[in-house]
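User: Please take a close look at one part of this model, and then place that part in the rest of the chain. A connected account is fine.

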Amino acid sequence: MTMRTRPLGTTGPQVSALGLGCMGMSALYGEADRAESIATLHAALEAGVTLLDTGDFYGMGHNEMLIGEALRSAPATRREQALISVKFGALRDPGGGWSGYDGRPAAVKNFAAYSLQRLGVDHIDVYRIARLDPDVPIEETVGAIAELVEKGYVRHIGLSEVGAETIRRAAATAPISDLQIEYSLISRGIEDEILPTTRELGIGVTAYGVLSRGLISGHFTADRQLGAGDFRAMSPRFQGENLRHNLNLVEALRKIAEQKGVSVAQTAIAWVLSRGEDIVPLIGARSRDRLTEALGALDVTLDTADLTAIEEAVPAGAAAGDRYPAAQMAHLES
């Protein structure tokens with residue numbers, strides 16, 4: 001495995017070709033092993049992964065503290081290579097409920113102060129609101145992050161799950177390095193308007209959900225029991241007939257993977273990597289074994305015949321079910 005780098009847009013840093021999405025180590029996918037999570041973070045840094053993605057609301061601060069602990073216990077050379085991307089703005093309650101998003105300038109600075117403390121760093125490399133606050137113009141939210149950039153607390157401004165018009169308005173306010181958004185073989189909504197817009201404006205893309213929360217990893221089965229705290233227990237794509245339909249797509253993809261002598265997950269990640277040098281897939285590995293498998297995608301080359309076969313097996317729009325429950329879909333722009 002050879003770790004390559006990719007630009008995070010024209011205004012952002014060079015980052016590893018794969019980033020590590022750390023959410024699953026703290027929230028939404030059931031219990032995680034703390035020691036294994038830290039070992040996985042260390043293994044990722046050792047393998048040359050530089051981009052670590054988190055959110056201040058993942059486990060109500062737990063994820064940031066976990067990353068901070070892993071960085072403190074990592075060798076200095078590895079710690080110094082880490083670039084941290086943080087999402088903010090989601091409002092939670094003590095019972096784990098969601099109460100919307102807050103993009104007011106004062107809130108932006110408040111969220112940042114707490115993140116810096118929990119992470120144990122003096123700056124955040126990429127800072128972005130997790131979802132658009134419908135009550136606050138994006139210009140005000142981005143303007144507040146720009147002030148943090150001027151003061152050295154943030155290096156680069158990002159966006160998350162917003163549409164083309166919002167991207168343009170944000171970019172007219174301050175330089176935007178990156179848009180984080182879901183993108184995978186079965187979540188291709190960005191291809192029509194959003195991806196052309198980011199490319200026109202020189203904005204990079206960090207793609208999360210590249211394995212669709214494990215659905216197209218090749219490891220998920222129809223009889224798997226999900227706990228009440230697992231997001232997938234209420235995700236439309238994991239329900240009933242939707243799940244059976246989607247797993248049939250995975251089996252079609254498995255045939256292609258087996259012909260190449262690689263795993264389904266590696267094929268799905270390699271497909272996202274093939275979409276362009278401006279796209280950095282985030283892998284959500286929670287263990288060293290899954291990390292090793294995901295990193296193997298860097299050695300997978302998909303030629304024209306492979307890409308054609310994949311397109312035939314899993315064409316755009318083939319997935320059954322929305323990627324979020326209806327209440328959460330309402331917070332997404334397209």
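How many cavities of 30 Å³ or more does the count come to?

Analyst: The model is a predicted one, and the count comes to one cavity of 30 Å³ or more. The volume of the largest cavity is about 40 Å³. Its lining consists of Glu182, Ser212, Arg213, Leu215, Ser235, Arg237, Phe238 and Arg323. Sorted by class, four of these lining residues are charged, two are polar and two are nonpolar. The charged members are Glu182, Arg213, Arg237 and Arg323, the polar ones are Ser212 and Ser235, and Leu215 and Phe238 are nonpolar.

The setting of this cavity is a protein chain with 12 helices and 12 strands. For 334 residues, a compact globule would have a radius of gyration near 20 Å, and the chain agrees with that, at 19 Å. The C-alpha trace spans about 55 × 45 × 40 Å along its principal axes. Of the 334 residues, 57% are buried. Among contacts with a separation of 6 or more, 75% join residues 24 or more positions apart.

Helix α9 (residues 264-273) is an example of an enclosed element. Because 10 of its 10 residues are buried, that is, under 20% relative accessible area, α9 is largely enclosed by the rest of the structure. The buried set includes Gln266 and Thr267 as well as Trp271 and Leu273. These buried residues pack against three strands, β1 (5-7), β11 (204-208) and β12 (279-283), and against three helices, α8 (240-260), α10 (288-295) and α11 (304-313).

Strand β5 (residues 83-88) is likewise mostly covered, with six of its six residues buried. On one side are Leu83, Ser85 and Lys87, on the other Ile84, Val86 and Phe88, and both faces are covered. β5 runs parallel to strand β4 (residues 51-55), to which it is joined by five bridges; one pairing in this set is Asp53 with Ser85. β5 also runs parallel to strand β8 (residues 124-129), here over four bridges. Lys87 stands opposite Arg128 of β8.

Ser115, in helix α4 (residues 105-119), has contacts that lead back to these strands. With a relative accessible area of 0%, Ser115 is buried. Beyond its neighbours within four places in sequence, Ser115 is in contact with Val86 and Ile124, and also with Asp56 and Glu64. Val86 belongs to β5, and Ile124 falls within β8.

An antiparallel pairing is found between strand β6 (residues 90-92) and strand β7 (residues 98-101), over two bridges. Ala90 has Tyr101 as its bridge partner in β7. The two strands form a hairpin with five residues between them, and Gly96 in the turn has a positive phi of about 90 degrees.

A loop position gives a contrast in exposure. Thr11 lies between β1 and β2 (14-16), and its relative accessible area of 36% makes Thr11 partly exposed. Not counting residues up to four places away in sequence, Thr11 touches His156, Pro175, Ile176 and Ser177. The C-alpha atoms of Thr11 and Gly202 are separated by 7.8 Å, although the two residues are 191 residues apart along the chain.

Notes
Residues are numbered from 1 along each chain as its sequence is written. This is a predicted model: local features need pLDDT of at least 70, side-chain atom pairs count only at pLDDT 80 or more; totals for chains, interfaces and linings use all residues. Side-chain values use heavy atoms; hydrogens and water are left out. On a 1 Å grid over the protein atoms alone, a cavity is a set of points where a 1.4 Å probe fits but cannot get out, and a pocket is an open set with protein on both sides within 12 Å along at least five of seven lines; lining residues have an atom within 4 Å of a point. Grid points are joined across faces, edges and corners, and a volume is the space filled by probe spheres set on the points. Two strands pair if DSSP finds at least two bridges between them. The radius of gyration is taken over C-alpha atoms; the globule rule is 2.2 Å times the number of residues to the power 0.38. Buried means under 20% relative accessible area, exposed over 50%, partly exposed in between (1.4 Å probe, protein chains only). Contact means heavy atoms within 4.5 Å.
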